[in-house]
Amino acid sequence: MRFSPAGDPGTPDARSATRYLVWLAGRHPFIFGAGLALGVIWMLAQALVPAVLGRAVEAGLAQRDPDALVRWSLALLGLGLVQAVAGILRHRCAVHNWLGAAYRTVQVTVDATNRLGAALPRRVAAGEVVSIGTADIEHIGGAIDITARGVGSVVGIVTVAVILLSASQPLGLVVVVGVPLLMALVALLIRPLHRQQAAYRESTGRLTARAADIVSGLRVLRGVGGEPVLSERYRQRSQALRADGLRVARVESLLQAAQILLPGVFVVLVTWLGARFALRGQISAGELVSFYGYTAFLVSPLRNLTEAADKLTRGHVAARRVVRLLRLTPEFTDPATPVPVPAGPGELADVRSGLVLRPGRLTALATATPQDAVEIADRLGRYADGDVTLHGVPLRDVALATVRERILVADNDAQLFSGVLRTELDPHDRAAPGAVEAALAAASATDIVEALPGGLDGEVAERGREFSGGQRQRLRLARALVADPETLILVEPTSAVDAHTEARIAERLGPARHGRTTLVCTTSPLVLGHADHVVFVEDGKVVAEGRHEELLAGEPRYAATVSREEER
């Protein structure tokens, strides 16, 4: 399911929150339409009960006609059965619509995050996506759910107004004038509620993002003594969110009170007028019973309408957040006419830096500035724009799926997910027999598996939090080796491990990638010494290349960079 700014019927329209809600309702037109129809039947059955009850009193009791009493009693029973059946089916459709809207929103959100890919963290805070999947889907589902009751309530109120106008124009006019007046009073609360809910939603997203940042960097914060500072900032944000929540609660409390007070006042007014008309002989006893029944009935649709106003407001605020995410476009898209790339290993070249990766070799990239290595890796993997060619074909002319299949960039920002370790290392279940074990050995990670209860079939917690930083890094390296891409680009794959472990990884990495193209961005002498070819970059340009020993002896700038690494 792709986002279409033109509003394709098969895709979510991200031009407005209202159109997004309409799109959700149209995803299941039969169930949604059935819910509206059943809501109308359910409410009409309730609206007609007072009329039938009044006829039973008038014809059966006042005129002492047993046959009429039986007929109208049976009619009342029939209305009750219709109301019960329609109510059950309406609720069934409402639940379906709620779940459909909520989880369809989850689907389009996940699809949007997948389309954004590596650009997601730079474009959207993690807390924003989490809030959509936790709080916003409930409000969006509620907005779709309430439509059946809302439409039924409008039809019910119109029906009662017509009946009252035909029986007593003054009472009918009270309904015709009073209901819009009540809704106007409710509308006065909707705008400030909308504004306060939007502010509260913004604060919730920011606080969730702050919490995610603190949790992910908790070890570092403790190491540098920054935990008290971040804790205090989080406390301040939390109190600000609390204040926003209180402002929302104030308006909501007024709206909830209005749902009880205004219909109650309306019922008292109509009942008082009906009683006066009955005392004057303007209406009969049966009509008085009917009028009281109408006023008692109107409490339900009026409350439904105020509830609909509340839920539609919440749903609109939540839908705006979803639409904001859907409006984001990926940094890179497929070219209009993708150019095929010859099969088999080929040279991967970055024109801007002058780096050329020859097939089948383990190349090490040493840079005077770490940021240069990250930028080159991003360009080679098509995560940043640049003049990069594979087999002489510009990557910007190649389909992104082809680039991702043939070139894998593995950096230290990659995450471990919860689940079985074997599935984590081989998510597509395509590895050859023994490939996972071989990759673990090459990454010097077999001890991690042996210590994990269940071994490869053991469970990994979210983000691999039971592992140390070095263990997570080795597992990420093993996962990249299991993928076995044509070209593998590793960014500082040994920065968090000790020297002995690093030496084992450096010694085993070449044989594990034999015949494949591999680039390792590092300044570690242990890794550089085992590379087939070393390239040194300064100020974003290749300034020297050769074997590690040759560069140490003939390139002072390279020697200085590597020496700083040794001193650390």
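This is a short talk on the cavities, one small sheet and a few single residues of the structure above.

The model is predicted, so please keep that in mind throughout.

I will start with the whole chain. The protein has 568 residues, and 46% of them count as buried. Its secondary structure comes to 19 helices and 12 strands. The exposed surface is about 27,600 Å², with 59% of that supplied by carbon and sulfur atoms. If we take the contacts with a separation of 6 or more, 75% are between residues 24 or more positions apart.

Next, the cavities. How many cavities of 30 Å³ or more are there? The count is 4. I will go through two of them.

The largest cavity holds about 70 Å³ of space. Two elements each give two or more residues to its lining, namely α15, residues 469-483, and β9, residues 487-491. Helix α15 gives the most, with 3 residues. If you want to find the place on screen, the lining is made up of Ala410, Asp411, Asn412, Gln473, Arg476, Leu477, Leu490, Val491 and Pro493. Sorted by class, that is 5 nonpolar, 2 polar and 2 charged residues.

One of those lining residues deserves a closer look, and that is Leu477. Leu477 is in helix α15. Is Leu477 buried or exposed? It is buried, because its relative accessible area is 4%, and the cut-off for buried is under 20%. Setting aside residues up to four places away in sequence, Leu477 touches Ala443, Leu490, Pro493 and Ile505. Leu490 and Pro493 also belong to the lining of the largest cavity. As for Ala443, it is 34 residues from Leu477 along the chain, and the two C-alpha atoms are separated by 6.1 Å.

Staying in this stretch of the chain, there are two residues with an unusual sign of phi to mention. Asp484 is in the loop between α15 and β9. Its phi is near 50°, which is a positive value in a residue other than glycine. Asp484 is partly exposed, at a relative accessible area of 35%. Glu492 sits in the loop between β9 and α16, the latter being residues 499-512. Phi of Glu492 is near 45°, again positive and again in a residue other than glycine. Glu492 also counts as partly exposed, with 28% relative accessibility.

Now the second largest cavity. Its volume is about 60 Å³. The elements giving two or more residues to its lining are α1, residues 17-26, and α3, residues 66-116. Helix α3 gives the most here, with 4 residues. The lining consists of Leu24, Ala25, His28, Phe32, His96, Asn97, Gly100, Ala101 and Ile144. By class there are 5 nonpolar and 4 polar residues, and no charged ones.

A residue from helix α2 comes next. Gln46 lies in α2, residues 29-62. Gln46 is a polar residue by class, and it is buried, with a relative accessible area of 14%. Which residues is Gln46 in contact with, leaving aside neighbours within four places in sequence? They are Gln83 and Phe297.

On to the sheet. Strands in a sheet pair through backbone hydrogen bonds, in either the parallel or the antiparallel sense. Here 4 strands form an open sheet with antiparallel pairing, in the order β2-β1-β4-β5. Which strands stand at the edges? They are β2, residues 355-357, and β5, residues 393-394. Each has a single partner strand, so one side of each is left without a neighbour in the sheet. Between them, β1, residues 348-350, pairs with β4, residues 388-390, over 3 bridges in the antiparallel sense. To see the register, look at Leu348, which stands opposite Leu390 in β4.

The last residue is Thr518, in strand β10, residues 517-521. Thr518 is buried, because its relative accessible area is 0%. Leaving out residues up to four places away in sequence, Thr518 touches Arg361, Leu362, Thr363, Leu488 and Arg513. One of these, Leu488, falls within the range of β9, residues 487-491, the strand I named with the largest cavity.

That is the end of the tour.

Key: Residues are numbered from 1 along each chain as its sequence is written. This is a predicted model: local features need pLDDT of at least 70, side-chain atom pairs count only at pLDDT 80 or more; totals for chains, interfaces and linings use all residues. Side-chain values use heavy atoms; hydrogens and water are left out. On a 1 Å grid over the protein atoms alone, a cavity is a set of points where a 1.4 Å probe fits but cannot get out, and a pocket is an open set with protein on both sides within 12 Å along at least five of seven lines; lining residues have an atom within 4 Å of a point. Grid points are joined across faces, edges and corners, and a volume is the space filled by probe spheres set on the points. Buried means under 20% relative accessible area, exposed over 50%, partly exposed in between (1.4 Å probe, protein chains only). Contact means heavy atoms within 4.5 Å. Accessible areas come from the Shrake-Rupley method with a 1.4 Å probe; for residues, only the protein chains shown count as cover. Two strands pair if DSSP finds at least two bridges between them.
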